[in-house]
Amino acid sequence: MEPQEYGLMFEVETAHWWYLGMEKITRATLNQWYSVNFNSSVLDAGCGTGAAMSTYLADYGHVTGIDVSPLALGFCRKRNLTSLALASVTNIPFPPESFDLVTSFDVLYEQAVRNDLAALDEFFRVLRPGGLTLLRLPAYDWLRGQHDLTIHTARRYTVPQVTQLLKDSGFQPLRVTYANTFLFPLALAKRLLERIFPPDPSSSDLSVNVGMLNGLFKHVLASEAFFVSRIGLPFGLSVIALARKPQTA
Ligand SMILES: C[S@@+](CC[C@H](N)C(=O)[O-])C[C@H]1O[C@@H](n2cnc3c(N)ncnc32)[C@H](O)[C@@H]1O
């Protein structure tokens, strides 16, 4: 990611409609499948500036974050987070079977992740048998836009691709679906317009201030939580995947 993107993320992620809506979707999906106990432990792989760790992930156990960027971990410390390690998702510095849940939100698509399958193999290794991984990834390579240049996208995914990657690492997929479906037409229109009127190369989707629509967009996205967690959605801007490490690997 471009360095300025970390500061922007830190500034907006506790109030921006996309993060708040995705929190509802994530909670609904975890609440459907994951049981917390007094010693549950969570790894947030590619934790960024730490918003998920410092807010809702703590409801699912003791959370540790890793990120390959010292800048990102610096922002995590500003949120008073201390359980952190500077490390790559392809070389996780914890012993096998250390965690009950590994989350990774919009990380595996990055150019800095040379091999997404190697990262999933690492998630599998550090999970206890029966543990869960929850991934969020950008959808459809044909939807690439200016924002993908800013965040160094190497690849965008489809549901069948993510399902296959999970199976290749030994995971049992529980729910692999698209999300951010209801606002898809707006996003598609924005991406198509960008092709006709290219934006400033340094611009980011996070810097788009939707003003009074922030609350509306948040509710629209959050209203997908039921569908994503229970049924799945047929298309969307993101792929959400929940998978289990079998009890007997
Ligand atoms: C788009 S941000 C997402 C951050 C956070 N997960 C969130 O949802 O806000 C992508 C993050 O992945 C991190 N990242 C990229 N490649 C990585 C790697 N190989 N290992 C660990 N983190 C990585 C980046 O530094 C950045 O913090």
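1. A residue is taken to be near the ligand if one of its heavy atoms lies within 4 Å of it. In this predicted model, 22 residues surround the ligand, and the closest of them are Tyr6, Gly46, Asp67, Val89 and Phe105. The shell that they belong to divides into 13 nonpolar, four polar and five charged residues, a division in which Gly is counted among the polar residues.

2. Three polar contacts to the ligand deserve a check against the coordinates. A polar side-chain atom of Asp67 lies 2.6 Å from an oxygen atom of the ligand, while a polar backbone atom of Phe105 is 2.9 Å from a nitrogen atom of the ligand. A backbone N or O atom of Ala112 is placed 3.3 Å from a nitrogen atom of the ligand. As for cover, the ligand taken alone exposes 600 Å², of which the protein buries 94%. Asp67 and Phe105, which make two of the contacts described here, are also listed among the closest residues of the shell.

3. The loop between strand S4 (99-105) and helix H5 (116-126) contains Asp106, whose backbone should be inspected, given that its phi is near 55 degrees, a positive value in a residue other than glycine. A comparable remark applies to His152, with phi near 60 degrees, again a positive value in a residue other than glycine. His152 is found in the loop between helix H6 (146-150) and helix H7 (159-168); its relative accessible area is 22%, so His152 counts as partly exposed, the limit for a buried residue being under 20%.

4. The count of salt bridges comes to 10, and Glu23, Arg27 and Asp59 are linked in a network of such bridges. Within this network, Glu23 forms a salt bridge with Arg27, the closest N and O atoms being 3.1 Å apart. Both residues lie in helix H2 (residues 17-33), where they are four residues apart, about one turn of the helix. Arg27 also meets Asp59 through their side chains, in a salt bridge with an N to O distance of 2.9 Å. This second pair links distant parts of the chain, 32 residues apart, with Arg27 in helix H2 and Asp59 in the loop between helix H3 (51-54) and strand S2 (62-67). Arg27 has a relative accessibility of 24% and therefore counts as partly exposed, and Asp59, at 44%, also counts as partly exposed.

5. Helix H2 holds a further side chain that merits a comment, that of Thr29. With a relative accessible area of 0%, Thr29 is buried, and a polar atom of its side chain lies 2.7 Å from the backbone oxygen of Ile25. The polar side-chain atom of this buried residue thus has a backbone oxygen of the chain within the 3.5 Å that a polar contact allows.

6. Another salt bridge joins the side chains of Glu194 and Lys190, with 2.9 Å from N to O. The two residues are four residues apart in helix H8 (residues 184-196), so they are separated by about one helical turn. Their cover should be described separately: Glu194, at 13% relative accessibility, counts as buried, whereas Lys190, at 33%, counts as partly exposed.

7. On the surface, Phe182, Phe226, Phe227 and Ile231 make a nonpolar patch of about 390 Å². One of these residues, Phe227, lies in helix H10 (residues 225-230). Phe227 is partly exposed, with a relative accessible area of 32%, and it can therefore take part in a patch, for which over 30% is required.

8. A last point concerns a pair of residues that are distant in sequence. Gln172 and Arg244 are 72 residues apart along the chain, yet their C-alpha atoms are 5.1 Å apart in space. Gln172 is found in strand S6 (residues 172-179), and, with a relative accessibility of 41%, Gln172 counts as partly exposed.

Notes
Residues numbered from 1 in each chain as written. Predicted model: local features only at pLDDT ≥ 70, side-chain atom pairs only at ≥ 80, totals over all residues. Heavy atoms only, no water. Patch = residues over 30% accessible without salt bridge, like charges linked within 9 Å, V, L, I, M, F, W, Y side chains within 5 Å. Areas by Shrake-Rupley, 256 points an atom, 1.4 Å probe, with all protein chains shown as cover. Salt bridge = Lys/Arg side-chain N within 4 Å of Asp/Glu carboxyl O. Buried < 20%, exposed > 50% of the residue type's maximum accessible area, 1.4 Å probe, protein only. Polar contact = N/O pair within 3.5 Å; in protein donor to acceptor, adjacent residues only side chain to side chain.
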